[in-house]
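Reader: I would like a close look at one part of this model. Please keep it brisk and stay with what can be computed from the atoms.

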Amino acid sequence: MRLLVTGGAGFIGANFVRLSLEMRPEVSVTVLDLLTYAGNTASVPQDPRATLVKGDVADAELVDSLVREHDAVVHFAAESHNDNSLDDPTPFVQTNLIGTFQLLEAARRHGVRFHHVSTDEVYGDLPLGTPDKFTPDTPYNPSSPYSSTKAGSDLMVRAWVRSFGLEATISNCSNNYGPFQHVEKFIPRQITNLIDGVKPKLYGAGLNVRDWIHVDDHNRAVWAILEKGRAGETYLIGADGEVDNKTVIETVLELMGHAPDDYEHVADRPGHDLRYAIDATKLRDELGWAPLYGDFRAGLAATIAWYRDNEPWWRAQKLETELKYQRLGR
Ligand code: NAD
Ligand code: DAU
């Protein structure tokens, strides 16, 4: 099976490539990645079954020539960071909307199976302290330029299924954690701040809740959907991992040998979504998926160890990232 993995030099895509090569001896992978600030060639495994092509998912000619040579496309490539989208939405529109459009058109022309990796943020946010969760029937209500462009890309996938009979599936996952995540994101930012002797930064009061899932659990779910998912269907991926941001920071501090209150509050993110929570019943019942990483604290400890052991992987991005946050006042 020849897989075209877009965004395979980014956090989730690179972990997907690694897991795929490990679990599936019959699979070969082509990574299509623009190597933006978020892509890292060191994340892509050196393996005779993996090839890296540097290029843009919005480049129609390149996309056409690659898609036609593969059995399936797994589309991870995106501009993925909310804070950046609030600073400049332009690349989000270009990659998340135009890029997805070009891939869909190529998959339609060549009759190639398509899986679109999306986010729970397309549903907006939930109130704190209620049992409500997102389901595949929750209406779309995105808050940021990031989530609105992801929502638009999901809707295009649905339209291409209905209008052109494209064999496509969509997954909407909650917040991932694990190795190879860019240091701009919440958990790696705090771990690497502490390694550098800098206090962790909590947006606002830190009451916002995210539904954490280990990246390998997400990617196993993507495989389950690729193999057993029904065309045209949306599957929500989540592992019942709701934790508020303040508790995450306190846990990271404690695991790294610091007092749990040794962090600082910084300005809140404009339009900050309050709470995400996933009901993954459909994925569990229809496709038999279940998470393997049940213990968030243990997963965090392993992630901290990974960042301690892999400083050369993240060091080059740290200064630039913190300079950006300084400019944004966060
Ligand atoms: P990331 O920012 O770590 O990686 C994105 C990758 O896409 C990078 O390697 C980047 O170079 C590449 N890329 C960006 N623009 C491109 C373009 N125009 N052409 C080709 N490659 C391009 O992102 P991530 O956290 O790994 O997220 C991957 C996907 O999963 C995204 O679609 C995101 O919306 C979705 N998602 C992420 C999470 C999460 O918690 N991180 C949760 C749910 C869904
Ligand atoms: O829910 C899925 C989404 O999760 C994905 O679609 C996005 O690609 C991914 O980036 C993530 O979005 P969030 O905005 O939730 O993730 P982020 O890591 O940026 O922030 C997590 C929470 O932590 C959020 O409530 C903001 C807060 N935060 C973030 C940073 C960087 C802080 O309190 N301090 C920080 O320094």
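How many residues surround ligand 2, and which are the closest? Take me through that site, then set it in the rest of the chain.

Author: The model is predicted, so read each distance below as a property of that prediction.

Start with the shell. Ligand 2 is surrounded by 25 residues. The closest are Thr 119, Asp 120, Tyr 146, Arg 269 and His 272. Sorted by class, the shell holds seven nonpolar, 10 polar and eight charged residues.

Now the polar pairs. Three side chains are worth listing, each set against an oxygen atom of ligand 2.

- Arg 210 places a side-chain N or O atom 2.7 Å from an oxygen atom of the ligand.
- Arg 189 does so at 2.8 Å.
- Asn 82 does so at 2.9 Å.

Cover comes next. On its own, ligand 2 exposes 690 Å². The protein buries 95% of that area. Two elements each give at least two residues to this shell: helix 6, residues 186–195, and strand 8, residues 201–203.

Helix 6 deserves a second look. Gln 190 lies in it. This residue counts as buried, because its relative accessibility is 3% and the cut-off is under 20%. A polar atom of the Gln 190 side chain sits 2.9 Å from the backbone nitrogen of Lys 201. Leaving out residues up to four places away in sequence, Gln 190 touches Pro 200, Lys 201 and Ile 249.

Just ahead of helix 6 is a loop that starts after strand 7, residues 176–177. Glu 184 has its place there. Glu 184 is buried too, because its relative accessible area is 1%, and buried means under 20%. Its contacts, without residues up to four places away in sequence, are Tyr 37, His 81, Asn 84, Arg 189, Thr 321, Lys 324 and Tyr 325. Arg 189 is thus named twice: it touches Glu 184, and its side chain makes the 2.8 Å approach to ligand 2.

The other ligand makes a useful comparison. Ligand 1 has 28 residues around it. Nearest are Ile 12, Asp 33, Ser 80, Tyr 146 and Lys 150. Tyr 146 is also among the closest residues to ligand 2. The shell of ligand 1 divides into 13 nonpolar, 12 polar and three charged residues.

The polar approaches to ligand 1 involve backbone as well as side chain. A polar side-chain atom of Asp 56 lies 2.8 Å from a nitrogen atom of the ligand. Polar backbone atoms serve at two other places: Phe 76 is 2.9 Å from an oxygen atom of ligand 1, and Phe 11 is 3.1 Å from an oxygen atom of ligand 1. Alone, ligand 1 has 840 Å² of accessible area, and the protein covers 97% of it. Helix 1 (11–23), strand 5 (113–119) and helix 5 (145–164) are the elements that give two or more residues to its shell. Strand 5 makes the largest contribution, with three residues.

Asp 56 leads on to Leu 32, which sits in strand 2, residues 28–33. Leu 32 is buried, with a relative accessible area of 0%. It touches Asp 56, and among its other contacts are Leu 4, Val 5, Val 53 and Leu 66. The C-alpha atoms of Leu 32 and Phe 11 are 14 Å apart, with their positions 21 residues apart along the chain.

Arg 109 is a contrast. It lies in helix 4, residues 90–110. At 49% relative accessible area, it is partly exposed. Its C-alpha atom is 28 Å from that of Leu 21, at a sequence separation of 88 residues.

Last, the chain as a whole. The protein chain has 11 helices and 13 strands. A compact globule of 330 residues would have a radius of gyration near 20 Å, so the 19 Å of this chain agrees. The C-alpha trace spans about 55 × 45 × 35 Å along its principal axes. Of the 330 residues, 56% count as buried. The accessible surface is about 13,200 Å², and carbon and sulfur atoms account for 51% of it. Among contacts with a separation of 6 or more, 81% join residues 24 or more positions apart.

Note on methods: Residues numbered from 1 in each chain as written. Chains lettered and ligands numbered in written order. Predicted model: local features only at pLDDT ≥ 70, side-chain atom pairs only at ≥ 80, totals over all residues. Heavy atoms only, no water. Near = heavy atom within 4 Å. Polar contact = N/O pair within 3.5 Å; in protein donor to acceptor, adjacent residues only side chain to side chain. Areas by Shrake-Rupley, 256 points an atom, 1.4 Å probe, with all protein chains shown as cover. Helix = DSSP H or I, 4+ residues; strand = E, 2+ residues; numbered from the N terminus. Nonpolar A, V, L, I, M, F, W, Y, C, P; charged D, E, K, R; others polar. Rg over C-alpha atoms; globule rule 2.2 N^0.38 Å. Buried < 20%, exposed > 50% of the residue type's maximum accessible area, 1.4 Å probe, protein only. Contact = heavy atoms within 4.5 Å.
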